[in-house]
Amino acid sequence: MCNNIPEHILIFKTNITAERDLFAVKTVLDTHHLIEQWNIDQTDVDCVLRVISYHLSYADIIQIISGLNYFCEELTT
Amino acid sequence: MRPRDENKIQGIREKAIEMITNEGLENFGINRLAKAAGVSPATIYIYYKDKDDLINQISIEEGLRMCYATLEGFDAEMPFEKGLWIQWKNRSKYALNNQVGASFYDQLRNSTYREKMLKAISDEMKKKAGPFVKNAIKRGEINEISMEVFWSVAIAPLYSLVKFHQDEHSFSGKKFVFSEKIMKETFNYVIKALKK
């Protein structure tokens with residue numbers, strides 16, 4: 001782990017619960033050239049989506065996920 | 001970049017260990033951890049990718065902490081008896097004073113996180129303690145011996161004593177309290193068995 005909290009880590013609450021939901025999101029996020037890394041913790045009640053991107057904002061990710069008809073909201077620290 | 005809050009991370013780590021030790025892995029989740037540690041789930045997700053990543057990182061750190069405690073003042077070049085005694089003293093001190101750490105380790109030992117943790121421990125132990133047995137064989141102090149047999153004879157008896165102590169009794173409810181005198185007596189038998 002680094003010594004500072006990177007501000008390019010974006011954390012969201014979603015309803016991406018099932019394996020097929022994950023697959024739908026994967027196709028879009030995997031191919032997005034401004035997303036370095038992403039993962040969803042489906043073991044958590046909030047199905048937390050964690051995105052590493054140096055260029056995209058919270059609003060950008062919410063737009064992408066909402067466009068796929070999933071709920072997505074910033075999880076604040 | 002905001003500065004990393006080491007106290008906050010330490011608090012998350014300690015709470016996670018406490019929860020896993022007391023409630024087991026099945027009931028453990030980041031949301032529950034966040035509530036117990038008094039931070040938001042998002043804070044935890046900044047430091048850890050997901051639940052698995054958190055458990056893996058914490059278990060590796062705990063495993064290494066145990067290694068460093070075991071190897072304090074130890075050198076693989078030491079004469080066999082002296083080196084083994086230092087390990088016994090370090091191991092007993094760690095096991096008796098870190099009940100939470102030891103129970104956490106036991107919880108993980110029977111889980112899917114076991115592999116990564118044991119690899120980290122074993123890599124570190126091999127680096128620092130691996131040559132110890134080989135050196136003792138080379139110097140003619142002990143016979144050629146497999147690691148499994150070595151562990152069973154040289155280390156496991158200590159953990160039997162620790163277990164009796166933690167249970168507060170040995171056989172048929174007989175009261176038992178660990179002491180350095182009993183440890184030394186057991187150690188002397190181990191040395192008698194192993195040394196040429």
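How many helices and how many strands are there in chain B? Chain B has 10 helices and 1 strand. Helices (H or I, at least four residues) and strands (E, at least two) are DSSP runs, numbered from the N terminus.

This is a predicted model: local features need pLDDT of at least 70, side-chain atom pairs count only at pLDDT 80 or more, and totals for chains, interfaces and linings use all residues. Residues are numbered from 1 along each chain as its sequence is written, while chains are lettered from A and ligands numbered from 1 in the order in which they are written.

**Chain B**

Along the sequence the pattern is β-α-α-α-α-α-α-α-α-α-α. The C-alpha atoms fill a box of roughly 60 × 45 × 25 Å along the principal axes. Of 196 residues, 23% count as buried (20 or more other C-beta atoms within 10 Å of a residue's own; exposed means 12 or fewer, partly exposed in between; C-beta atoms are placed from the backbone).

B:Ala34 sits in helix α2 (residues 30-37). B:Ala34 is buried because 20 C-beta neighbours lie inside 10 Å. Beyond four places in sequence, B:Ala34 contacts B:Val39, B:Ser40, B:Pro41 and B:Ile44 (contact: C-beta atoms, placed from the backbone, within 7 Å).

**Positive phi in chain A**

Most residues other than glycine have a negative phi. Two residues of chain A have a positive one.

| Residue | Phi | Loop | C-beta atoms within 10 Å |
|---|---|---|---|
| A:Cys47 | about 40° | between β3 (37-41) and β4 (48-52) | 21 other, buried |
| A:Asn69 | near 70° | between α2 (58-67) and β5 (72-74) | 9 other, exposed |

Definitions and conventions
Contact = placed C-beta atoms within 7 Å.
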